[in-house]
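Hi everyone, thanks for coming. I'd like to walk you through a structure that's new to most of us, so let's put it up on the screen.

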Amino acid sequence: MRARRPSGRHRRAEAQQVTYRQVIAIREFRALWYAQGFSLLGDQLAQVALAVLVYDRTGSPLATAAVYALTYLPSIVGGPLLAGLADRFARRGVMLACDLVRAVLVGAMAVPGVPFWALCALVFFVVLLSAPFSAARAALLPEVLEGDMYVIGSALQNMTNQAVQMLGFAAGGAAIATMGPYRALALDAATFLASALILISGVRRRPATDHAGAKPSMWAMTRAGAGLVFGSRKLRTLVLFAWLCGFYILPEGIAVPYAAKLYTGTLPIPVITGLLMAAMPTGTVVGAFLFSRFVAPPRRLRLMGWLAMLSCAPLIVTAVQPPLAVVLGAWFLSGVGGAYQLAANAAFVQSVPAERRAQAFGLVQSGLMAVQGIGILAGGFAAERLGPEPVVAAAGIMGLTCAAVLTMSWAEPRERMRATATA
């Protein structure tokens, strides 16, 4: 029996690209988008404020670095254990609870005279609560946006994240110089309250996902989530694509010593550092816009592997010690290639059951934090002995190799997904 060809109207509907305007017109997405932007801007300001506050109190670079390291550890530990809360309870409720508790904790950090050990404990718990919040938001977004709207919405959120990070770090120092670190932390606490108010007013209540009667324990949900994610070849490959960022994020961690190597007397080292750290996020914004706006949905999966290789390949040019302009161009191209994460994320969402989505996202997010932290630490250790240029080049070579292997592994699952979509 011959398959019936889709009608002209259906072909036009399939070919039609979803626009950013259509996505922004959805009220619940706007609420999630605004809430995330407020919270992230406050967090960037708080990171700078904490660094200034701790160094002023202790005069110790090690203590300052230790507090910054606390922004990685809780997510690695808390992601697998706490992300399942967003599958066990109503997701909007989980987000609201996390926002309100974090507002209280950050508000306590803003009180002058808090002991150093208490400040570290507060930082730990504030970051710990970001795991269930992020998992709930990630699991809720596919319920708000369906089909290609999810990809466009994810791209918009990704571009917003990168832009807010650039703005937060750039303006953070000036703001703290004006208002002081304690007021900056109080402002961060206010952003969590603003996020909670936006969620209450803009996101409708949804019941918790059904777990067929008795609710499983957190350990049981964690084991089940790990079995789901790593027991499937398709999901395992997509997760490894996501974790590939450990290679191309590494250069940002050694931007300061790299800037010192590139210093010629024309631009100050802090300016060169800022340019280097801004190059990849800028490329990511451009890549996400182009990939989501001008690449048709069926082609995104086919281009995912090529873009993954592009995210690492330009870094290899640093082996020949090029000038600043070439390095900035290479890091910008690397950021453009990072747009493949949009396709990987969308394919992951389509392959995970809705009732287990938060736990799966939590596991992936914990791995992301781990590979970034480990990559930056390993890069710094190696750069201290070899110099930054060969370390960045080596990261590019290893990342390109891994991306090529993953691209070949992805060919079969990709074809099965295409066959299922067209069946």
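Before we look at any residue, one term: buried means under 20% relative accessible area, exposed means over 50%, and partly exposed is anything in between, using a 1.4 Å probe and protein chains only. Bear in mind that this is a predicted model, so local features need pLDDT of at least 70, side-chain atom pairs count only at pLDDT 80 or more, and totals for chains, interfaces and linings use all residues. Residues are numbered from 1 along each chain as its sequence is written, and side-chain values use heavy atoms, with hydrogens and water left out.

Okay, rings. Phe230 has a relative accessible area of 35%, so it's partly exposed. For aromatic pairs, the ring centres of Phe, Tyr or Trp (its six-membered ring) lie within 6.5 Å; planes under 30 degrees apart are stacked, over 60 edge-to-face, and the rest tilted. How many aromatic pairs does a search of the whole structure find? Nine. Take Phe124 and Phe125: the ring centres are 5.6 Å apart and the planes sit at 85 degrees, so that's edge-to-face. Phe124, at 25% relative accessibility, is partly exposed, and Phe125, at 43%, is partly exposed too. Then there's Phe230 with Trp243, a tilted pair, 6.0 Å centre to centre with 50 degrees between the planes. That pair joins helix α12 (residues 218-231), where Phe230 sits, to helix α13 (residues 233-243), home of Trp243. When I say helix, I mean a DSSP run of H or I with at least four residues, numbered from the N terminus. There's also a cluster made of Tyr20, Phe289 and Phe294.

Next, charges. A salt bridge here is a side-chain nitrogen of Lys or Arg within 4 Å of a carboxyl oxygen of Asp or Glu, and by that rule we get five. Glu143 is in two of the bridges I'll show. With Arg91, the closest N and O atoms are 2.5 Å apart, and the partners are 52 residues apart, Glu143 in helix α9 (residues 130-144) and Arg91 in helix α7. With Arg206, the closest N and O atoms are 3.4 Å apart; Arg206 lies in the loop between α11 (181-202) and α12. Buried or partly exposed, then? Glu143 is partly exposed at 30%, while Arg91 is buried at 5% and Arg206 is buried at 14%. Together with Glu28, those three make a salt-bridge network.

Helix α7 has another bridge, Asp99 to Arg102, at 3.1 Å from N to O. The two are three residues apart, so about one helical turn separates them. Asp99 is buried at 0%, and Arg102 is buried at 3%.

Now for Arg92, also in helix α7 (residues 91-109). Arg92 is buried but has no salt bridge, and the nearest side chain of opposite charge, Glu28, is 7.7 Å away. What does the side chain of Arg92 reach at 2.8 Å? The backbone oxygen of Val203.

Last stop, the core. A nonpolar core is a set of buried Ala, Val, Leu, Ile, Met, Phe, Trp, Tyr and Cys residues joined through side-chain atoms within 4.5 Å. The largest one has 114 residues, and Met109, Leu276, Trp331 and Phe348 touch the most other members. Helix α3 (residues 27-58) gives the largest share, 11 residues.

Conventions:
Lys, Arg positive; Asp, Glu negative; His and termini not counted. Polar contact = N/O pair within 3.5 Å; in protein donor to acceptor, adjacent residues only side chain to side chain.
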